Amino acid sequence: MPLKVGLFGFGRTGSVVAKEITNDPSLSLRWVCRRNTDPSIPFASRVLGYTEDFAPFISFDEMDDSFLRANPVDLVIDFSSGNTTSIYEKIAAFNIKVVSAISNYSSEEIEKVKSASQGTAILYSPNITLGINWLIMASKILKQMIPHADIEVIEEHFRQKKDISGTALKLARHLDLDPQEHVNSIRVGGIVGKHEVIFGLPYQTIRLVHESINRAAFGTGAIFAAKWLQSQPQGFYSMEQALQQSFKSRLQEI
């Protein structure tokens, strides 16, 4: 049977993720929870271009125990604005697993996520694209191999993005870099997202680059995470763990 999925958020990225979910025959989008709903547009399916009525919109105020009992899902994918962590404990009580792709949690919010993970499996990744998480893994391995290299992180995004990329900060943290000194931000045009890690050596330079050219990349990453998470017990997971486990299992097959 298809994996029953609920979606938090239906903005610029969330709507693209919803389309990717509906395109996957192993998944079933059951409802979409968003900050504001419009009675004249009750179903996400209509916004996504389908003629059938499915995946009704609900507001976060409607996300209570009676709704969850009447509209059960196996997993929630969260692409909302980030103020949804208070709901995690509620959905964990129903043994609903969570894939969270929120860019920047506060320290208080991340503690709420970790607390909820004591009751269900939660995977959190500030950038859930497959490529960026491979970039993180490769960068960590390369630093172990050439620990004396100069390292700089460059992140490029669309002009309206105000905050420093959460992914760039994560890269800096994993590479033991001071983000104020070694994370360089560029804001120009409509760039979806580009991250580059530069390793400088005396006679050569190594550049590891990942660029998202379509927001659908977030959907494919979230779907990969959702399918992996289904076989995991309760706990707090990262995209790196999902990729490492999958990578190791594939190596054994070679």
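**Entry 1: the sheet**

I began with the strands and found an open sheet of 7 strands, paired in parallel, in the order 3-2-1-4-5-6-11. I note at the outset that the model is predicted. I then looked up the edges: strand 3 (57-59) and strand 11 (235-238) each pair on one side only. From one strand to the next, I recorded an average twist of 25°.

I followed strand 11 inward to its partner. Strand 6 and strand 11 are joined by 4 bridges in the parallel sense. In this pairing I located Y124, which stands opposite S238 in strand 11.

**Entry 2: aromatic pairs**

I next searched for ring contacts, and the structure holds 7 aromatic pairs. For each pair I examined, I noted two values, since a pair of aromatic rings is described by the distance of the centres and the angle of the planes.

How do the rings of W31 and F67 meet? Their centres are 5.5 Å apart and their planes stand at 70°; with over 60 degrees counting as edge-to-face, the pair is therefore edge-to-face. I placed W31 in strand 2 (residues 27-34) and F67 in helix 3 (residues 65-70), so this contact ties together parts that are 36 residues apart in sequence. I checked exposure as well, and both W31 and F67 are buried.

I then turned to Y105 and Y124, an aromatic pair with 4.9 Å centre to centre and 45° between the planes, which is tilted. I found Y105 in the loop between strand 5 (97-100) and helix 5 (107-116), while Y124 belongs to strand 6 (residues 121-124); the pair links distant parts of the chain, 19 residues apart. Y105 and Y124 are buried.

Returning to W31 and F67, I noted that ring pairs link them with F8 and F60 into a cluster.

**Entry 3: charges over rings**

I looked for charged side chains placed over aromatic rings. R12 lies over the face of F158, at 4.7 Å from the ring centre. I recorded a further case at R34, whose charged end sits over the ring of F57, 4.7 Å from its centre.

**Entry 4: the largest pocket**

I closed with the pockets. I recorded a volume of about 860 Å³ for the largest pocket. Which residues lie nearest its centre? I listed T13, S80, A101, S103 and K161, out of a lining of 34 residues. I also asked which elements give two or more residues to that lining. I found these to be helix 7 (166-174) and strand 9 (193-201).

Definitions and conventions: Residues are numbered from 1 along each chain as its sequence is written. This is a predicted model: local features need pLDDT of at least 70, side-chain atom pairs count only at pLDDT 80 or more; totals for chains, interfaces and linings use all residues. Side-chain values use heavy atoms; hydrogens and water are left out. Rings of Phe, Tyr and Trp (its six-membered ring) pair if their centres lie within 6.5 Å; planes under 30 degrees apart count as stacked, over 60 as edge-to-face and the rest as tilted. Buried means under 20% relative accessible area, exposed over 50%, partly exposed in between (1.4 Å probe, protein chains only). A charge sits over a ring if NZ of Lys or CZ of Arg is within 6 Å of the ring centre and within 35 degrees of the ring normal. Two strands pair if DSSP finds at least two bridges between them. Axes are lines fitted to C-alpha atoms, for helices over the stretch in contact, and angles run from 0 to 180 degrees between N-to-C directions. On a 1 Å grid over the protein atoms alone, a cavity is a set of points where a 1.4 Å probe fits but cannot get out, and a pocket is an open set with protein on both sides within 12 Å along at least five of seven lines; lining residues have an atom within 4 Å of a point. Grid points are joined across faces, edges and corners, and a volume is the space filled by probe spheres set on the points.
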